[in-house]
Amino acid sequence: MDHPQESPNFSSHLESLLKQSQSWPGQYVFKFIVSADSPNIKKIKSRFKDFQHTVSQKQSKRNRYTSISIKAFMKTPKQVTSIYKEIHKLEGVVVL
């Protein structure tokens, strides 16, 4: 199954939308959903270690899933799309 994030046009389209929607450099909120016991939670968080950021997590009602919101200071829309591409490759991660 093809995913929009894998499309060659996805990055350029998203970058264009990001340029129009906010000022750069600036804060951007990344959102992900993973299984509550997934090792990818640590991998996602570690991807932002070099950025000024804050993380918030919330468990689903039945504790099966964890939603992760990361507000990070990004220099360019290209940084945003690069991170999305990397994290999209992790198994079991829903990128919002």
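Guide: Before we start, one cut-off: a residue is called buried under 20% relative accessible area, exposed over 50%, and partly exposed in between. Also keep in mind that this is a predicted model.

Visitor: Got it. So is Ser 12 buried, partly exposed or exposed?

Guide: Ser 12 has 45% relative accessibility, so it counts as partly exposed.

Visitor: And where does Ser 12 sit?

Guide: Ser 12 belongs to helix α1, which covers residues 8–21.

Visitor: How far is Ser 12 from Thr 81, in sequence and in space?

Guide: In sequence, 69 residues separate Ser 12 and Thr 81. In space their C-alpha atoms are 8.6 Å apart.

Visitor: Let's look at the helix around Thr 81, then. Which residues of α3 are buried?

Guide: Thr 81 is one of them. The others in α3 are Pro 77, Val 80, Ile 83, Tyr 84, Ile 87 and His 88.

Visitor: How are those buried residues of α3 placed when you look down the axis?

Guide: The buried residues of α3 fall within an arc of 160°, so they line one face of the helix.

Visitor: Nice. What span does α3 have from its first C-alpha to its last?

Guide: Helix α3 runs over residues 77–88, 12 residues in total, and reaches 17 Å. That is close to the 16 Å expected at 1.5 Å a residue.

Visitor: Switching to the sheet: what is the strand order?

Guide: The order is β2-β3-β1-β4, in an open sheet of four strands with antiparallel pairing.

Visitor: Which ones are the edge strands?

Guide: Those are β2 (53–59) and β4 (94–95), each of which pairs on one side only.

Visitor: How many bridges join β1 and β3?

Guide: There are 10 bridges between β1 (residues 26–35) and β3 (residues 65–74), and the pairing is antiparallel. To find your way along that pair, take Phe 32, whose bridge partner in β3 is Ile 68. Phe 30 stands opposite Ile 70 in β3.

Visitor: And on the other side, how many bridges does β1 have with β4?

Guide: Two bridges, again in the antiparallel sense. Within that pair, Ile 33 stands opposite Val 94 of β4.

Visitor: Now the loops. Which peptide bond is cis there, between α1 and β1?

Guide: The bond from Trp 24 to Pro 25 is cis, with omega near -5°. Pro 25 lies in the loop between α1 and β1.

Visitor: What about Asn 63, is its phi positive or negative?

Guide: Asn 63 has a positive phi, near 60°, and is not a glycine. You will find Asn 63 in the loop between β2 and β3. For context, most residues other than glycine have a negative phi, and most peptide bonds are trans.

Visitor: Zooming out, what pattern does the chain follow along the sequence?

Guide: Along the sequence the protein chain reads α-β-α-β-β-α-β, with three helices and four strands.

Visitor: How does the radius of gyration compare with that of a compact globule?

Guide: The protein chain has 14 Å, which agrees with the value near 12 Å for a compact globule of 96 residues. Its C-alpha atoms fill a box of roughly 40 × 35 × 20 Å along the principal axes.

Visitor: Last ones: what share of the residues counts as buried, and what share of the surface belongs to carbon and sulfur atoms?

Guide: Of the 96 residues, 32% count as buried. Carbon and sulfur atoms hold 52% of an accessible surface of about 6600 Å².

Conventions
Residues are numbered from 1 along each chain as its sequence is written. This is a predicted model: local features need pLDDT of at least 70, side-chain atom pairs count only at pLDDT 80 or more; totals for chains, interfaces and linings use all residues. Side-chain values use heavy atoms; hydrogens and water are left out. Buried means under 20% relative accessible area, exposed over 50%, partly exposed in between (1.4 Å probe, protein chains only). The expected span of a helix is 1.5 Å times one less than its number of residues. The arc is that of the directions from the helix axis to the C-beta atoms. The radius of gyration is taken over C-alpha atoms; the globule rule is 2.2 Å times the number of residues to the power 0.38. Accessible areas come from the Shrake-Rupley method with a 1.4 Å probe; for residues, only the protein chains shown count as cover. Two strands pair if DSSP finds at least two bridges between them.
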